[in-house]
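Thanks for asking me to look this one over. Here are my notes, written to be read with the structure open beside you.

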Amino acid sequence: MSDPRIHTRTARIDEAGTVLRFWREAAEGTSITDDPEGVTALITRDPEALILAETSDGTLVGTVIAGYDGWRCSLYRLAVLPSHRRRGVGSALLAAAEWRFTAVGGRRGDAMVLESNEPAHRAWASAGYHREDHWRRWVKPFAPSEV
């Protein structure tokens with residue numbers, strides 16, 4: 001059941017540090033872009049992508065990145081403060097992300113989920129997402145001189 005005191009909104013550039021601190025507490029794993037420059041670039045490039053969930057007093061309790069590149073709807077960093085899990089925060093964030101995607105004509109959401117994060121697997125499954133084992137992610141980090 002959703003907590004009516006939780007609301008969602010998009011992040012502002014000046015909140016990059018707050019979001020990074022939140023992820024250290026609430027998110028699993030780290031990313032090469034977990035720095036002020038990476039979060040600021042995300043918000044600058046796509047101001048609607050980083051969605052925050054807050055309590056009525058403004059406490060940050062959840063995040064999701066709902067990136068849309070004109071072709072794919074990609075979900076990253078669904079994270080909920082441990083003290084607020086199982087209270088509808090993740091559902092509220094996914095509803096906001098899915099609303100964004102359907103508003104721009106998106107057809108399917110793809111979520112990046114750590115293989116070892118079993119609680120996240122259950123959360124995504126309960127939200128109607130399913131694992132596709134025939135796909136794998138391939139990555140290559142770029143050094144600043146390579147771009």
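1. Let's begin with the charged pairs: how many salt bridges does the structure hold? The count is nine. Please keep in mind throughout that this is a predicted model, and that the distances and areas below are computed from it.

2. One pair worth a look is Arg100 with Asp46, whose side chains meet in a salt bridge at 2.6 Å, N to O. Arg100 belongs to helix α3, while Asp46 sits in the loop between α2 (36-45) and β2, so this pair ties together parts that are 54 residues apart in sequence. Are these two residues buried or exposed? Arg100 has a relative accessible area of 12% and counts as buried, because the cut-off for that word is under 20%. Asp46 is buried as well, with a value of 8%.

3. Next, try Glu15 and Arg12, which form a salt bridge through their side chains (3.4 Å, N to O). Here the two partners fall into separate classes: Glu15 is buried at 10% relative accessible area, whereas Arg12 is partly exposed at 45%. Both residues also belong to a network of salt bridges that links Arg9, Arg12, Asp14, Glu15 and Glu54. If you display those five side chains together, you can follow the network by eye.

4. The pair Arg108 and Asp110 offers another setting. Their side chains meet in a salt bridge of 2.9 Å, N to O. Arg108 is partly exposed, with a relative accessible area of 48%, and Asp110 is partly exposed too, with 23%.

5. Now for the sheet. In which order do its strands lie? Five strands make up an open sheet, running β1-β2-β3-β4-β5, and the pairing is mixed. At the edges are β1 (7-10) and β5 (109-111), each of which pairs on one side only. On average, neighbouring strands are turned by 25° against each other, direction ignored.

6. Within that sheet, β3 (residues 60-68) and β4 (residues 73-80) are an antiparallel pair joined over six bridges. As a reminder, strands of a sheet pair through backbone hydrogen bonds, either parallel or antiparallel. A handy place to inspect the pairing is Gly62, which stands opposite Val80 in β4. Helix α1 (residues 16-26) packs on the sheet and touches β2 (50-54), β3 and β4. The direction of α1 makes about 105° with that of β3.

7. His84 deserves a point of its own. Where is it placed? His84 is found in the loop between β4 and α3 (89-103). With a relative accessible area of 15%, His84 is buried. Its side chain makes a polar contact with the side chain of Ser83, at 2.9 Å. Leaving aside neighbours within four places in sequence, His84 is in contact with Thr55, Val61 and Val89.

8. Finally, a small item towards the end of the numbering: Ala123 lies in helix α4 (residues 118-126). Ala123 is partly exposed, at 37% relative accessible area. Its C-alpha atom is separated by 12 Å from that of Ala111, a residue 12 places away along the chain.

Definitions and conventions
Residues numbered from 1 in each chain as written. Predicted model: local features only at pLDDT ≥ 70, side-chain atom pairs only at ≥ 80, totals over all residues. Heavy atoms only, no water. Pairing = 2+ DSSP bridges. Helix = DSSP H or I, 4+ residues; strand = E, 2+ residues; numbered from the N terminus. Axes fitted to C-alpha atoms, helices over the stretch in contact; angles between N-to-C directions. Contact = heavy atoms within 4.5 Å. Buried < 20%, exposed > 50% of the residue type's maximum accessible area, 1.4 Å probe, protein only. Polar contact = N/O pair within 3.5 Å; in protein donor to acceptor, adjacent residues only side chain to side chain. Salt bridge = Lys/Arg side-chain N within 4 Å of Asp/Glu carboxyl O.
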